[in-house]
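Student: I am new to this structure and would like a close look at a single part of it. Could you take me through the sheet slowly?

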Amino acid sequence: REFSIFKCKVQRSWMGKVEFKVAVEPHQLLWLHDALRIYNLPDLGKTLRCLITYVQREENDADVFGKTRSKPHHGQPGKVEQAFNVESEQEVWLKEKATQHKLPDVGKVVRILLEYGMLVADPAEVFGVIRKMARSAAQGGGVGQISPFKLERWFAKYEFTAPYLLCCSDCEAMSMKELLAIGDAESLQRWESLSLGYTESAGLPALLTEIASTYDTTTAEDILVVVPEEGIFLTMLALLKPGDHVVATYPGYQSLFEVARSIGCHVDMWTPEPTDGGLHFNVDTLKELMKPSTRLVAVNFPHNPSGFIPSPAAWALIVDAVKAADDCFLFSDEMYRGLEFEESARLASGVDQYAKAITLCGMSKVYALPGLRIGWLATRNAALLNRIKELKDYTTICSSAPSEVLALMGLRAREQIIVRNMSCMRANLALLEAFFAKHNDKFRWSPPHGGTVCFPELITGESSDEWCQALVEQEGILLLPAAAYDYQPQDGRQHFRIGFARNNMPEVLNLLDTWLAKRTKG
């Protein structure tokens with residue numbers, strides 16, 4: 001069996017013993033020796049023995065491996081094998097324990113030790129990763145098992161059956177006729193002569209150049225075109241390993257933290273504090289959550305679902321906190337950047353602030369073109385971007401040719417599109433303000449700083465989940481309960497999401513007002 005770090009093979013020797021041979025490249029052996037020295041670990045054989053003991057948490061079982069010997073010897077040219085000799089009775093014990101606790105095989109245990117031993121401050125945390133894997137396996141899950149995406153499952157159930165959508169996060173989608181009417185001459189020529197063949201994996205060169213122009217420090221070489229969700233998934237796969245520490249804004253888009261969890265990372269949620277001005281993310285809370293070994297901080301501003309935007313000064317402190325960690329990356333989800341109600345509130349892009357930042361953006365929200373399924377990652381870290389490109393070969397490989405040309409057309413007309421969208425959003429926000437003022441006995445609400453959604457609180461004592469369920473079933477109006485974010489504050493607050501960038505909002509708010517009146521009378 002071959003692994004990315006080493007090869008592990010099992011063979012029976014003439015003395016009735018079983019050898020687990022781990023082939024280690026010379027540079028990996030040097031790394032391992034450094035790891036043993038830095039963290040004061042015992043030799044590899046003893047470390048494996050301790051690892052199994054930690055997993056089982058049965059102190060007396062350590063005696064079973066009392067005779068374990070480890071010896072380095074040369075195998076294939078250029079490699080060094082570390083052999084673990086296991087007596088026959090130990091082999092039986094190991095198999096029994098592996099079956100009983102559904103542990104990964106010994107080779108996989110050693111691989112985890114090799115790959116992740118240096119990524120944590122405390123070597124015991126490595127053992128914690130193995131125990132977590134064992135527990136997950138016993139429950140039918142395990143690393144690589146991703147939980148259902150609750151928000152998307154909610155939309156899958158109702159988005160195309162409910163007649164009134166009052167929770168969508170995209171702006172009123174542009175029609176083909178509308179987009180072509182504002183297209184520049186060069187983009188329109190591309191559209192007319194378009195070939196429906198394969199496209200370049202990184203993206204249409206002209207599109208990459210246009211995307212790069214939306215930032216201050218990037219070039220086309222720093223951009224990769226992806227489906228937005230794909231960008232999150234591939235970045236997490238490229239950056240993270242089991243045992244890594246991640247901090248993420250929460251509540252939020254589930255993949256920003258769930259993919260890391262599925263990999264086996266320890267994820268801490270940076271949750272907002274309720275204030276008179278709405279939910280507020282405190283930078284001091286982020287600093288308390290971070291460790292010197294934190295690998296990734298994932299943020300989303302303007303925030304979905306609250307609409308919160310930190311001040312430029314607070315944003316600078318967030319970036320500085322990430323920089324202060326030993327080897328930490330910043331994932332900045334900027335899908336709503338450009339939809340601020342005050343232009344002065346617009347934050348500098350993460351990619352322009354930090355060399356280890358990865359920015360996600362796309363055509364779905366700001367540019368009202370979600371059907372194109374075009375987004376992008378921007379980072380000045382060439383090694384990371386190259387790894388993501390390699391992983392993309394296993395997902396979409398390349399984008400749709402028509403979508404890329406239409407995205408180029410939209411980006412070149414971005415100022416017109418943003419003015420169109422903000423006009424709708426400002427009008428609807430005024431309607432929401434009047435609506436919540438009228439129903440202040442039922443809801444608590446603070447206007448968002450930016451973005452297309454807000455996160456009012458239901459204060460009637462009802463569950464927002466049950467309330468939203470009743471609304472869609474009785475009136476056909478779809479809202480998004482906090483349960484779709486798996487968000488359950490300890491103080492029992494009951495939130496739900498409203499989207500306010502659709503043209504039919506005046507009609508839907510009137511229907512909601514009528515439904516509330518009927519319930520009050522009832």
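Tutor: What follows is a walk along the open sheet and the helices that lie across it. This is a predicted model, in which local features need pLDDT of at least 70, side-chain atom pairs count only at pLDDT 80 or more, and totals for chains, interfaces and linings use all residues. Residues are numbered from 1 along each chain as its sequence is written, and side-chain values use heavy atoms, with hydrogens and water left out. The mean pLDDT of the chain (the predictor's confidence in each residue, from 0 to 100) is 81, and 72% of the residues reach 70 or more.

The open sheet has seven strands (DSSP runs of E, at least two residues, numbered from the N terminus) in the order β6-β14-β13-β12-β11-β7-β8, and the pairing, which takes at least two DSSP bridges between two strands, is mixed. Because β6 (223-226) and β8 (266-270) stand at the edges with a single partner strand each, one side of each is left without a neighbour in the sheet. On average, neighbouring strands of this sheet are turned by 20° against each other, direction ignored.

Within the sheet, β11 (residues 294-300) and β12 (residues 329-333) pair in the parallel sense over five bridges, and N300 has D333 in β12 as its bridge partner.

Two helices (DSSP runs of H or I, at least four residues) complete the picture, with angles running from 0 to 180 degrees between N-to-C directions of axes fitted to C-alpha atoms, for helices over the stretch in contact (heavy atoms within 4.5 Å). Helix α9 (residues 205-212) lies across β6 and β14 (375-378), at about 115° to β6, while helix α13 (residues 312-324) lies across β8, β11 and β12, at about 145° to β12.
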